Amino acid sequence: MASDHVDVLIIGAGLSGIGAACHLRRDCPDKTYAVLEARDAIGGTWDLFRYPGIRSDSDMFTLGYSFKPWTAPKAIADGTTIREYVRETAQEYDVPRHIRFRHRVLRAEWDSDTARWTVHAQRTDTAEIVVLTCSFLFACAGYYRYDEGYTPPLPGVETYAGRLVHPQHWPDDLDHSGKRVVVIGSGATAVTLVPAMAQRAAHVTMLQRSPTYILALPARDRLADALRRRLPAKAAYPVVRWKNVLLSTVNFQLSRRAPGLVKRVLRRAARGMLPVGYDVDRHFSPRYDPWDQRLCVAPDGDLFTAVRDGTASVVTDTIDTFTPNGVRLASGAQLPADIVVTATGLNLLALGGLTLRVDGVDVDLPNTVAYKGMMLSGVPNFALTLGYTNASWTLKADLVAGYVCRLLRHLDRTGQQVVTPLPPPDPERVPLIDLRSGYVLRAVDTLPKQGATTPWRLHQNYARDVLLMRRGRLTDEGVRFSRAGGVAVPERTPRPVASERR
């Protein structure tokens, strides 16, 4: 059993974890840290997912890091380019030497007397148990299971003689050239897969129970292209980033305040990209309001193009049963298929499966309340990254990592050792993730909650959160600072320094 200590222990070497490590290097260079990663590579989602067409569902000027300009041509980028961007960023900040691959974190135990976490991990290659201690624990493992995607019951699937695959574990040897493909699902993965596979398949059918809102966006950003010809990347990047932040904010707010208007706009846009007479209401007009579930992005309208060209089709129906040669629908129609792809969603897994104990008592996650969307009531010196649902994940990840660095510097300057979020005084609780998607609803009872008001309520508004996370007070009614042993002491009033105002 190996044991050692670091100031900050980061869980996960994906987009969030690498970003957190870079922020530490930039803002807290005196802090020691390590990154524990269950897999054997940097990249998280962007290294795991290898299905055809894998790409971002947000523009890369907001999905990219605030401190690392996105310079590739496409704003909606492919998975390989994103993975290389994350790895390049890690190399620039010397992060790889701090990463311990094949270390799956099992549990973490907080001791108030020593103001330390004891973290137990298991090596996935040798099964060895590794024990580390840290002063601050930072969970950047996302919120879904890496080892298992969601597949609903499929009647008669055992009779199917073709190839059945889930996008989360795409086989290296799967060749879909000239094959008849049925993709079950209508979310972001299906919207990505269908036009990508249609380029080589005989035909691809997207089989959906109900439609999803699909927003066609240019794969390249015209403003970015124009500014890059005239300005250095570091000058152009924040301009395009803020432009895209504001556009996505307007889109979300308008969807909430005038859903009927947004529905009509999306319907009109879809109709304009589909064949004359196409049944838009059946296949592209959801029953729910925009942003009750996340909007899917189609770069350059590629899904609509595939449908218009006849290489792909959309069928809205339910499965009666699988047959040896494909799928029979409730309507009686038959879909022949050499390959069936179950793009049916993800399984959520809070904190990557990590269990927490505080002074010998198990933390019951569903009974905790998130503080500023990044810490949990009653759990000291702990933060988690939970990205936006209505904008890119990294916008929030950057804010959380920056805030953690502010907290660490504050603890050092005031002579404190511990920061503990407190529950809100009122009893009102709402779900932490404000979406009606199936993968959220299936797991909502296993996740922390939100309170009714700030600082226990997530804004889902980047501009507002910038003020709260970068400029707002670190001391408020939602948090308590103390020393080891739980002793609260008066804080010294530090002189403001430039680094604290960043």
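Hi everyone, let's start at a small spot: A127 is found in the loop between β5 (116-123) and β6 (129-139). Before I say more about A127, please keep in mind that this is a predicted model.

What is unusual about A127? Its phi is positive, about 70°, although A127 is not a glycine. For those of you new to backbone angles, most residues other than glycine have a negative phi. How covered is A127? With a relative accessible area of 45%, A127 is partly exposed, because that class runs between 20% and 50%.

A second residue belongs in this part of the talk. D94 has a positive phi near 60°, and D94 is not a glycine either. You will find D94 in the loop between α4 (79-92) and β3 (99-101). The relative accessibility of D94 is 30%, so D94 counts as partly exposed.

Let's stay with the backbone for one more stop. Most peptide bonds are trans. Which residues are joined by a cis peptide bond here? They are T454 and P455, with omega at about 10°. P455 sits in the loop between β26 (449-450) and α13 (462-471).

Now for the empty spaces. Rolling a probe the size of a water molecule over the atoms shows where empty space is left. How many cavities of 30 Å³ or more turn up in a search of the whole structure? The search finds 8.

The largest cavity holds about 130 Å³ of space. Its lining is made by 13 residues, and G142, Y143, L351, L384 and L386 are the ones that lie nearest the centre. What kinds of residues line the largest cavity? There are 11 nonpolar and 2 polar residues, with no charged ones.

The second largest cavity has about 80 Å³ of space. Among the residues lining the second largest cavity are V245, S248, T249, F252 and Q253, along with Y388 and Y462. Helix α7 provides the largest share of that lining, 5 residues. This lining divides into 6 nonpolar and 6 polar residues, and again no charged residue takes part.

Keep α7 in mind, please, as we go from cavities to a pocket. The second largest pocket has a volume of about 660 Å³. It is lined by 26 residues, and those nearest its centre are D59, L215, L217, L247 and S248. If you were listening closely, you have met S248 before, in the lining of the second largest cavity.

Which elements supply at least two residues each to the lining of this pocket? They include β11 (214-217) and α7 (233-257). Of the elements involved, α7 gives the most, with 6 residues. The lining of the second largest pocket has 12 nonpolar, 7 polar and 7 charged residues.

One last stop takes us to the surface. V250, L254, L261 and V265 form a nonpolar patch there, and together they have about 320 Å² of accessible area. Two elements give two or more residues to the patch: α7, which we know by now, and α8 (259-273).

Let me pick out L254, which is placed in helix α7. Why can L254 belong to the patch when it counts as partly exposed? Patch residues need over 30% relative accessible area, and L254 has 38% relative accessibility, so it clears that bar while still counting as partly exposed.

That's the tour. If you open the structure afterwards, try colouring α7, then look for the pocket lining to which it gives 6 residues. Thanks for listening!

Conventions: Residues are numbered from 1 along each chain as its sequence is written. This is a predicted model: local features need pLDDT of at least 70, side-chain atom pairs count only at pLDDT 80 or more; totals for chains, interfaces and linings use all residues. Side-chain values use heavy atoms; hydrogens and water are left out. On a 1 Å grid over the protein atoms alone, a cavity is a set of points where a 1.4 Å probe fits but cannot get out, and a pocket is an open set with protein on both sides within 12 Å along at least five of seven lines; lining residues have an atom within 4 Å of a point. Grid points are joined across faces, edges and corners, and a volume is the space filled by probe spheres set on the points. Helices (H or I, at least four residues) and strands (E, at least two) are DSSP runs, numbered from the N terminus. Ala, Val, Leu, Ile, Met, Phe, Trp, Tyr, Cys and Pro count as nonpolar, Asp, Glu, Lys and Arg as charged, and the others, Gly among them, as polar. Patches are made of residues with over 30% relative accessible area and no salt bridge: like charges are joined within 9 Å, nonpolar side chains (Val, Leu, Ile, Met, Phe, Trp, Tyr) within 5 Å. Accessible areas come from the Shrake-Rupley method with a 1.4 Å probe; for residues, only the protein chains shown count as cover. A salt bridge is a side-chain nitrogen of Lys or Arg within 4 Å of a carboxyl oxygen of Asp or Glu. Buried means under 20% relative accessible area, exposed over 50%, partly exposed in between (1.4 Å probe, protein chains only).
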